[in-house]
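Biologist: Can you pull up the model and walk me through it? I'd like to go region by region.

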Amino acid sequence: MDARSMWLYRWYYSDMCQWILSFIIFLILSLAFIETPSSFTSTSDVRYRMAPWNPPCGLTEAIEVLCLLVFVADLSVKSYLVAWVQFRKNLWLLGYLLVLIVSLMDWMVSLSLVCQEPLRIRRLFRPFFLLQNSSMMKKTLKCIRWSLPEMASVVLLLALHLCVFTMLGMLLFTGEKQDDGQDRERLTYFRNLPEALTSLLVLLTTANNPDVMVPAYSKNRAYAIFFIIFTLIGSLFLMNLLTAIIYNQFRGYLMKSLQASLFRKRLGTRAAYEVLSSTAEGDGQPRGIGVKPQDLLQVLQKVQVDSTYKQAIMEKVRSYGGSLLSADEFQKIFNELDKRMTKEHPPRPQYQSPFLQSAQFLFGHLYFDYLGNLIVLANLVSICVFLVIDADVVPRNRDDFVLGILNCVFVLYYLVEMLLKVFALGLSGYLSYPSNMFDGLVTIILLGLELSTLAVYRFPHPGWKPEMQGLLSLWDMLRLVNMLIVFRFLRIVPSMKLMAVVASTILDLIKNMRAFGGILVVVYYVFAIIGINLFHGVIVVPPGNGSLAPDNGSVACGSYEQLEYWANNFDDFAAALVTLWNVMVVNNWQVFLDAYQRYSGPWSKIYFVLWWLVSSVIWVNLFLALILENFLHKWDRRSHLHSVSGDLETTYEMSTVELLFRDILEEPAEEELVEKLKRHPHVQLCR
């Protein structure tokens, strides 16, 4: 708690140091795209992929060791700040130390073998650097760990369900004749126990429905009962039950973790109050205990916090005048940090002329926005009409005269609309609305493209089909313009209240659910590295199948080869990520199970089933739970605001995951905070 340690603490948690540390984490994770096998090829298709560029030995290793040295310095600072006693108790810091030791030793092995080692263990540990740097990701992992027992009970029930129906299926589909439906079902899906188990596991995700029951169902419709009952119990009951359990348990444990986080925040604020408080005297007698506003303002000058929040806090402190701040008032002041402030729009320009005032009222009115939305809709309809008319005409034979004229007219309107809004609201007022900034940016790009088109290909005229000049053809220029116009149609979202709630939910998820996105990055990274080590180079093109010939009768219909899934492999990091994504979606994932079983062995199924459990079952359900919680929070808040004021705009909005559950978190009691402070090893209360 000395001055030097406090200075080091402030320096370590400064924006610059944290940005540097985040960049180093990003850099070491990105090395997987460059290291051998590198992802520097235009395609991952094994039929067309050229030999990739692989960095010389020592290049990525030099970057990696610099990153590791930064992590060593990071661990040293953290261990110094928390001291040895706390360091020994912190499993994350001990794990940090262990990962750094293993990574440095593996790095030295790589150099000693001239980068020819078959396995780089340290690549598996790189996501740990991302995990240990995020407190919210640690909370998420802890909540997942606490939820695992409840998840395991349903997963075991699913396994029992699979085993029972697998046995029933193998007993049921035992055809006596070679050409009957039972025998075709057995040979295709129930040949042996692993095949039957795999077929029903895939059916649990509905990826092979109704293919799996067609051979038997085509002979006797009664066989459909078996598959319908299996799907009802497994997919519609047990899988949704698992989603409900994950939602309920994870939400409960996350609230418990956030409750502890709220307690630490309030404890820190109360500790600051105890340190800053003093006794006011009057007529030689003590008149009260509290914090002097001028002392708090002096301390706030040194606090590292966003200027907007600091200004709001200081204004609230000044509102108390010279009276002492009580503990409750002190706490309420710092509640401003839990709010996201919406900046007020600048005042509109003042015009003296009655005509200009009328024009300002007209072009600044909400109905003018509605008119703009109708114009954009008309533009979109015109594009759709021409896409339908010219669907069967190749681009070089299209007459783009009418579409070119319409685009010019619409873009001219967008430009005039933007200028009129700037006139009505002022430049600063126009830019204070995010929707206007979006409109203005797209309009400027559209104007630039239209001017470039006119400069290169002249003004539209009948039979407007000039030869390609420059980098883009006329059709390419028109496509860019039309795509931007379609993109500009998103401006209608803020105008529709219900759609705006959904859109704001998505934006909040993107901005505030970084911890859950980080967990997904970690899982993808680890499984991709494992997949590369297990399946690198196992997918090879059979002789005579080096083209796109669809009439190759030597492969089974619906197989990896017939569907030409050659680009889905684990030959480099980028290809592995895409392959894992395609498996996570579970559409046709049985194709990957079958292909890698044939190319690498039956044990490959364990890898893909584990990935399905982690990604599709656990992580997707967690994300679904948070989407539901976020949307319900916004919907309830919208209904409350609408019933109170009839206006959806408010000064403060939800900004963090903590505030998502803020309404149901309990404020810690005063006695609990004081008792905790009395037992705190680094705070000595004078009273």
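Modeller: What follows is a quick tour of a predicted model.

Biologist: Start with disulfides. How many are there by the distance rule?

Modeller: The count is one disulfide. C57 and C115 form the bond, with their sulfur atoms 2.0 Å apart.

Biologist: Where do C57 and C115 sit in the chain?

Modeller: They link distant parts of the chain, 58 residues apart. C57 is in the loop between α2 (15–34) and α3 (59–89), and C115 is in the loop between α4 (91–112) and α5 (122–125).

Biologist: What's the handedness of the link?

Modeller: Right-handed, with 70° about the S-S bond.

Biologist: And is C57 buried or exposed?

Modeller: C57 is partly exposed, at 42% relative accessible area. C115 has 16% relative accessibility, so C115 counts as buried.

Biologist: What about the backbone at C115?

Modeller: Phi of C115 is near 60°, a positive value in a residue other than glycine. Most residues other than glycine have a negative phi.

Biologist: Which other residue should I check for positive phi?

Modeller: T206 has a positive phi of about 60° and is not a glycine. T206 is in the loop between α9 and α10. Its relative accessibility is 43%, which means partly exposed.

Biologist: Next, cis peptides. Which residue does N209 join through a cis bond?

Modeller: N209 joins P210, with omega about 5°. P210 lies in the loop between α9 (193–204) and α10 (214–217). The peptide bond from T36 to P37 is cis too, with omega near 0°. P37 belongs to the loop between α2 and α3.

Biologist: Change of topic. How many residues are in the largest nonpolar core?

Modeller: 95 residues. Those with the most contacts inside this core are F71, F129, W589 and F608.

Biologist: Which helix gives the most to this core?

Modeller: Helix α22 (residues 514–535), with 13 residues.

Biologist: And where does the core lie relative to the domains?

Modeller: Between domain 1 (1–133) and domain 3 (496–541 + 555–652), because both give residues to the core.

Biologist: What does F129 touch?

Modeller: Leaving out residues up to four places away in sequence, F129 touches I25, I28, L68, F71, Y96, V99, L100 and S103.

Biologist: What about another core, apart from that one?

Modeller: Another core, of 13 residues, lies apart from it. V291, L297, L325 and F334 are among its members.

Biologist: Back to the N-terminal end. Which residues of α1 are buried?

Modeller: In helix α1 (residues 3–12), the buried residues are S5, L8 and Y12. They cover an arc of only 60° around the axis, so they are on the same side of α1.

Biologist: Why would that spacing put residues on one side?

Modeller: An α-helix has 3.6 residues a turn, so residues three or four places apart point the same way.

Biologist: What's on the other side of α1?

Modeller: A3 and W7, both exposed.

Biologist: And what covers the buried residues of α1?

Modeller: The cover includes α2 and α3. L81 is in helix α3. Setting aside neighbours within four places in sequence, L81 is in contact with S5, L8 and Y9. L81 and M6 are 75 residues apart in sequence, and their C-alpha atoms are 8.7 Å apart. L81 has a relative accessible area of 28%, so L81 is partly exposed.

Biologist: Now aromatics. How many pairs in the whole structure?

Modeller: A search finds 35 aromatic pairs. Y9 and Y13 form a tilted one, at 5.0 Å centre to centre with 55° between the planes.

Biologist: Is Y9 buried or exposed?

Modeller: Y9 is partly exposed, at 43% relative accessible area. Y13 is partly exposed too, at 44%.

Biologist: Which rings link into a cluster?

Modeller: Ring pairs link Y524, F527, F535, F570, Y596, Y607, F608 and W611.

Biologist: One last spot. Where is V540, and what does V540 touch?

Modeller: V540 is in the loop between α22 and α23 (573–585). Not counting residues up to four places away in sequence, V540 touches W566 and Y599. The C-alpha atoms of V540 and W566 are separated by 8.6 Å, with their positions 26 residues apart along the chain. V540 is partly exposed, with a relative accessible area of 46%.

Conventions:
Residues are numbered from 1 along each chain as its sequence is written. This is a predicted model: local features need pLDDT of at least 70, side-chain atom pairs count only at pLDDT 80 or more; totals for chains, interfaces and linings use all residues. Side-chain values use heavy atoms; hydrogens and water are left out. A disulfide is a pair of cysteine sulfur atoms within 2.5 Å. Helices (H or I, at least four residues) and strands (E, at least two) are DSSP runs, numbered from the N terminus. Buried means under 20% relative accessible area, exposed over 50%, partly exposed in between (1.4 Å probe, protein chains only). A nonpolar core is a set of buried Ala, Val, Leu, Ile, Met, Phe, Trp, Tyr and Cys residues joined through side-chain atoms within 4.5 Å. Domain bounds come from an automatic or database domain assignment. Contact means heavy atoms within 4.5 Å. The arc is that of the directions from the helix axis to the C-beta atoms. Rings of Phe, Tyr and Trp (its six-membered ring) pair if their centres lie within 6.5 Å; planes under 30 degrees apart count as stacked, over 60 as edge-to-face and the rest as tilted.
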